[in-house]
Amino acid sequence: MSESLKKHNLVYVIALVAVFALYIFNLFLSTISQLPARFIRTIFPNSIGNLSAKYHIDITPANWVFPFIWNVIYLFQLAWLIYALVCLFRRTKDGDLLYRRVSFIPLGAIIAFGVCVIQLIAWLFTWTHQCIWVLYYISYLTYSFLFYLI
């Protein structure tokens, strides 16, 4: 095959690795935000569960559902990210990079996921600091960006 297919797409690789790093950082922040340690409360003054009880709405699920839902979501996100990272190094029988040969995860999808992870991190800080008006602004900016990306 051609020599260009044997080389990595540097923008694609950097975007995927950066999104994976953002994802790990989000997992770290989400985990420590639930710890009861005193020094954590300086970063996250309120817990997500306490604020969810404070701002109760009728569609809020039971408390035991939240960890289950987020563990399933994070597990599937981790699965596709690991698959995408592994596929960066897989080659066809001809020696070409597999992700350059076949239809793979588009760069736009990786960037969109990265924006969503950044929004989750921003949501975590704004929710635990009870800056609810900022959440609306972040959502507007994110969805506007994603609309133009597509």
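In which helix does Thr126 lie? Thr126 belongs to helix 7. The model described here is predicted, and Thr126 serves as the entry point to its account.

**Confidence**

Across the protein chain the mean pLDDT is 83, with 93% of the residues at 70 or more. The lowest mean pLDDT among the elements, 57, belongs to helix 1 (residues 3-6). Helix 2 (residues 10-32) has the highest, at 93.

**Nonpolar core**

The largest nonpolar core comprises 24 residues. Tyr12, Leu16, Leu88 and Tyr99 have the most contacts inside this core. At least two of its residues come from each of helix 2, helix 5 (65-87) and helix 7 (107-128). Helix 2 makes the greatest contribution to the core, namely eight residues.

Tyr99 can be followed further. Beyond its neighbours within four places in sequence, Tyr99 contacts two of the other core residues just named, Tyr12 and Leu88. Its contacts also include His8, Asn9, Val13, Cys87 and Phe104. Phe104 is also touched by Tyr83, a residue of helix 5. The other residue that Tyr83 touches, not counting those up to four places away in sequence, is Arg90.

**Largest pocket**

The largest pocket holds about 1,200 Å³ of space. Its lining consists of 35 residues, and those nearest the pocket centre are Ile48, Phe66, Trp70, Trp123 and Trp127. Two or more lining residues are given by each of helix 2, helix 4 (48-54), helix 5, helix 7 and helix 8 (132-149). Helix 7 accounts for the largest share of the lining, with eight residues. Sorted by class, the lining contains 23 nonpolar residues, 12 polar residues and no charged residues.

Helix 2, helix 5 and helix 7 therefore appear in two lists: each supplies at least two residues of the largest nonpolar core, and each gives two or more residues to the lining of the largest pocket.**Selected residues**

The table lists five residues with their location and relative accessible area.

| Residue | Location | Relative accessible area | Class |
|---|---|---|---|
| Thr126 | helix 7 | 11% | buried |
| Ala112 | helix 7 | 18% | buried |
| Gln130 | loop between helix 7 and helix 8 | 29% | partly exposed |
| Arg101 | helix 6 (residues 98-101) | 33% | partly exposed |
| Tyr83 | helix 5 | 47% | partly exposed |

Why does Thr126 count as buried? Its relative accessible area is 11%, and the buried class covers values under 20%. Leaving aside neighbours within four places in sequence, Thr126 is in contact with Cys131, Val134, Leu135 and Ile138.

Ala112, also found in helix 7, is buried because its relative accessibility of 18% is under the 20% cut-off. The C-alpha atom of Ala112 is 25 Å from that of Phe68, and these two residues are 44 places apart along the chain.

Gln130 sits in the loop that runs between helix 7 and helix 8. Although Gln130 is not a glycine, its phi is positive, about 55°. With a relative accessibility of 29%, Gln130 counts as partly exposed. Asn46 is 84 residues away from Gln130 along the chain, yet their C-alpha atoms are separated by 8.2 Å. Asn46 is also one of the contacts of Gln130 outside its neighbours within four places in sequence. The others are Leu51, Lys54 and Tyr55. Of these, Leu51 and Lys54 fall within the range of helix 4 (48-54).

Arg101 is part of helix 6. Its relative accessibility of 33% makes Arg101 partly exposed, since that class lies between 20% and 50%. Between the C-alpha atoms of Arg101 and Arg91 there are 9.1 Å, for a separation of 10 residues in sequence. Tyr83 is likewise partly exposed, with a relative accessible area of 47%.

Technical notes: Residues are numbered from 1 along each chain as its sequence is written. This is a predicted model: local features need pLDDT of at least 70, side-chain atom pairs count only at pLDDT 80 or more; totals for chains, interfaces and linings use all residues. Side-chain values use heavy atoms; hydrogens and water are left out. pLDDT is the predictor's confidence in each residue, from 0 to 100. Helices (H or I, at least four residues) and strands (E, at least two) are DSSP runs, numbered from the N terminus. A nonpolar core is a set of buried Ala, Val, Leu, Ile, Met, Phe, Trp, Tyr and Cys residues joined through side-chain atoms within 4.5 Å. Buried means under 20% relative accessible area, exposed over 50%, partly exposed in between (1.4 Å probe, protein chains only). Contact means heavy atoms within 4.5 Å. On a 1 Å grid over the protein atoms alone, a cavity is a set of points where a 1.4 Å probe fits but cannot get out, and a pocket is an open set with protein on both sides within 12 Å along at least five of seven lines; lining residues have an atom within 4 Å of a point. Grid points are joined across faces, edges and corners, and a volume is the space filled by probe spheres set on the points. Ala, Val, Leu, Ile, Met, Phe, Trp, Tyr, Cys and Pro count as nonpolar, Asp, Glu, Lys and Arg as charged, and the others, Gly among them, as polar.
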